[in-house]
Amino acid sequence: MKKIIAFAGSNSEDSINKQLAVYTSTLVDNVDTTILDLNDFELPMYSKQLEEKEGVPNNAKTFLKHIEHTDGIIVSLAEYNGAYTSVFKNLFDWMSRAEQKNWYNKPMLLMATSPGARGGQSVLGMASDRFPRHDANVVGKFSLPSFNDNFKEGKITNQELKDELLQQVEQFKNSL
């Protein structure tokens, strides 16, 4: 059986991006899914001096092992001020110090959502540009605008948006 991981680029306890990532993972049938929470991978703020002194922290290496040993990745990135959250950027920095090509060419469904009408488009664009340089195989992208209007009771309620996500999930499944 194929294995996938799903996570949000957020450490918020009530992350809307985690809700979207978890929901999306349930749409992929016949896989073993592991949900990762960035709160379980606490890391010091990256600095060159800290890396030289102490090396790459085990939590960054452990997160990389999850990526290395999966068949596919579902990630939904939270957007803070048009960019990655600090917790995700810090994890990404540490992972890239341990392994420059840190996505291991795994099929990735890249997503974002926000309460606003743009649905995390800025961070989605940033990641779409950056991740392939780190060996990401982005096979699908999805933005969910106006989360509070379009996601209720654990699922997308807007049929047009749900159909768009299902199309991206199908592409993801076919790439596993």
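What follows is a look at the overall build, the nonpolar cores and one buried serine of this protein, as seen in a predicted model.

Starting with the fold, the protein has 7 helices and 7 strands, and from the N terminus these run β-α-β-α-α-β-α-β-α-β-α-β-β-α. The radius of gyration is 16 Å, which agrees with the value near 16 Å for a compact globule of 176 residues. Along the principal axes, the C-alpha atoms fill a box of roughly 50 × 35 × 25 Å. Buried residues account for 47% of the 176. Of the contacts with a separation of 6 or more, 79% link residues 24 or more positions apart.

Inside, the largest nonpolar core takes in 30 residues, and Phe-7, Phe-63, Leu-77, Phe-88, Trp-103 and Phe-131 have the most contacts within it. Elements giving two or more residues to this core include strand 1 (2-8), helix 3 (58-68) and strand 4 (107-113), but helix 4 gives the most, with 5 residues. Trp-103 touches, among others, Phe-7, Ile-67, Phe-88, Met-108 and Phe-131, as well as His-134 and Asp-135. A second, separate core has 22 residues, including Ala-21, Leu-109, Leu-161 and Val-169.

Then there is Ser-25, which sits in helix 1 (residues 16-26). With a relative accessible area of 5%, Ser-25 falls under the 20% cut-off and so counts as buried. Beyond its neighbours within four places in sequence, Ser-25 is in contact with Ile-4, Ala-6, Thr-33, Ile-35 and Ile-74.

As for the outside, the accessible surface comes to about 8,700 Å², and 43% of this belongs to carbon and sulfur atoms. The protein carries 19 positive and 23 negative side chains, with the centres of the two sets 5 Å apart.

Key: Residues are numbered from 1 along each chain as its sequence is written. This is a predicted model: local features need pLDDT of at least 70, side-chain atom pairs count only at pLDDT 80 or more; totals for chains, interfaces and linings use all residues. Side-chain values use heavy atoms; hydrogens and water are left out. A nonpolar core is a set of buried Ala, Val, Leu, Ile, Met, Phe, Trp, Tyr and Cys residues joined through side-chain atoms within 4.5 Å. Buried means under 20% relative accessible area, exposed over 50%, partly exposed in between (1.4 Å probe, protein chains only). Helices (H or I, at least four residues) and strands (E, at least two) are DSSP runs, numbered from the N terminus. Contact means heavy atoms within 4.5 Å. The radius of gyration is taken over C-alpha atoms; the globule rule is 2.2 Å times the number of residues to the power 0.38. Accessible areas come from the Shrake-Rupley method with a 1.4 Å probe; for residues, only the protein chains shown count as cover. Lys and Arg count as positive and Asp and Glu as negative; His and the chain ends are not counted. The place of a charge is taken as NZ of Lys, CZ of Arg, CG of Asp or CD of Glu.
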